[in-house]
Amino acid sequence: MFLIVAKYLIPKGYRGMTIFPFVLVKYYKDKVNAVFINHEKIHLRQQLEMLVLPFFICYILEYLVRLIQYKNTALAYQNISFEREAYAKETDFNYLKNRSLFQSWNYLTLKQK
């Protein structure tokens, strides 16, 4: 993992972005925020297990489906299965040690926010 502070590369309204093998953060304080970094590490694992490009295709497609479903950009983002897994487990610092493959798929069928 390469952690880079890149204030101007992060879209407005977001604090960070993961593009394997890089974690880009907008603010230096997030570089040392353990919960935030754990969230991004979960995204690294998701991307790695899906061979990166298919992850982004699925991510964008699911976002579009959620946007149609919720008609709200924030709710659509919050309900992407990859984000739901990362937010649900970001405070569990042992999660990645025990996480089984394709765990984010379980978040496709769980009750939505």
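Which helix gives the most to the lining of the largest pocket? I took this up with the caution that the model is predicted, and I found that helix 2 gives the most to that lining, with 6 residues.

**Entry 1, confidence.** I looked up the pLDDT before going further, and noted a mean of 94 for the protein, with 96% of its residues reaching 70 or more. Among the elements, helix 2 has the highest mean pLDDT, 98, whereas helix 7 (residues 106–109) has the lowest, 84.

**Entry 2, the pocket.** I noted that the largest pocket holds about 540 Å³ of space and that 23 residues line it, of which Tyr14, Gly16, Tyr59, Tyr77 and Glu83 lie nearest its centre. When I sorted the lining by class, I had 13 nonpolar, 6 polar and 4 charged residues. I then went through the elements, and recorded that strand 2 (16–19), helix 2 (34–49), helix 3 (53–70) and helix 5 (81–89) each supply at least two residues of this lining.

**Entry 3, Tyr77 and the cores.** I returned to Tyr77, which is among the residues nearest the pocket centre, and listed its contacts; leaving out residues up to four places away in sequence, Tyr77 touches Tyr14, Tyr59, Tyr63, Glu83 and Tyr87. Tyr77 also belongs to the largest nonpolar core, whose 6 residues are Met50, Phe55, Tyr59, Tyr77, Ile80 and Phe82. Apart from that core I found another, of 5 residues, including Val23, Val25, Phe36 and Leu44.

How values were computed: Residues are numbered from 1 along each chain as its sequence is written. This is a predicted model: local features need pLDDT of at least 70, side-chain atom pairs count only at pLDDT 80 or more; totals for chains, interfaces and linings use all residues. Side-chain values use heavy atoms; hydrogens and water are left out. A nonpolar core is a set of buried Ala, Val, Leu, Ile, Met, Phe, Trp, Tyr and Cys residues joined through side-chain atoms within 4.5 Å. Buried means under 20% relative accessible area, exposed over 50%, partly exposed in between (1.4 Å probe, protein chains only). Contact means heavy atoms within 4.5 Å. On a 1 Å grid over the protein atoms alone, a cavity is a set of points where a 1.4 Å probe fits but cannot get out, and a pocket is an open set with protein on both sides within 12 Å along at least five of seven lines; lining residues have an atom within 4 Å of a point. Grid points are joined across faces, edges and corners, and a volume is the space filled by probe spheres set on the points. Helices (H or I, at least four residues) and strands (E, at least two) are DSSP runs, numbered from the N terminus. Ala, Val, Leu, Ile, Met, Phe, Trp, Tyr, Cys and Pro count as nonpolar, Asp, Glu, Lys and Arg as charged, and the others, Gly among them, as polar. pLDDT is the predictor's confidence in each residue, from 0 to 100.
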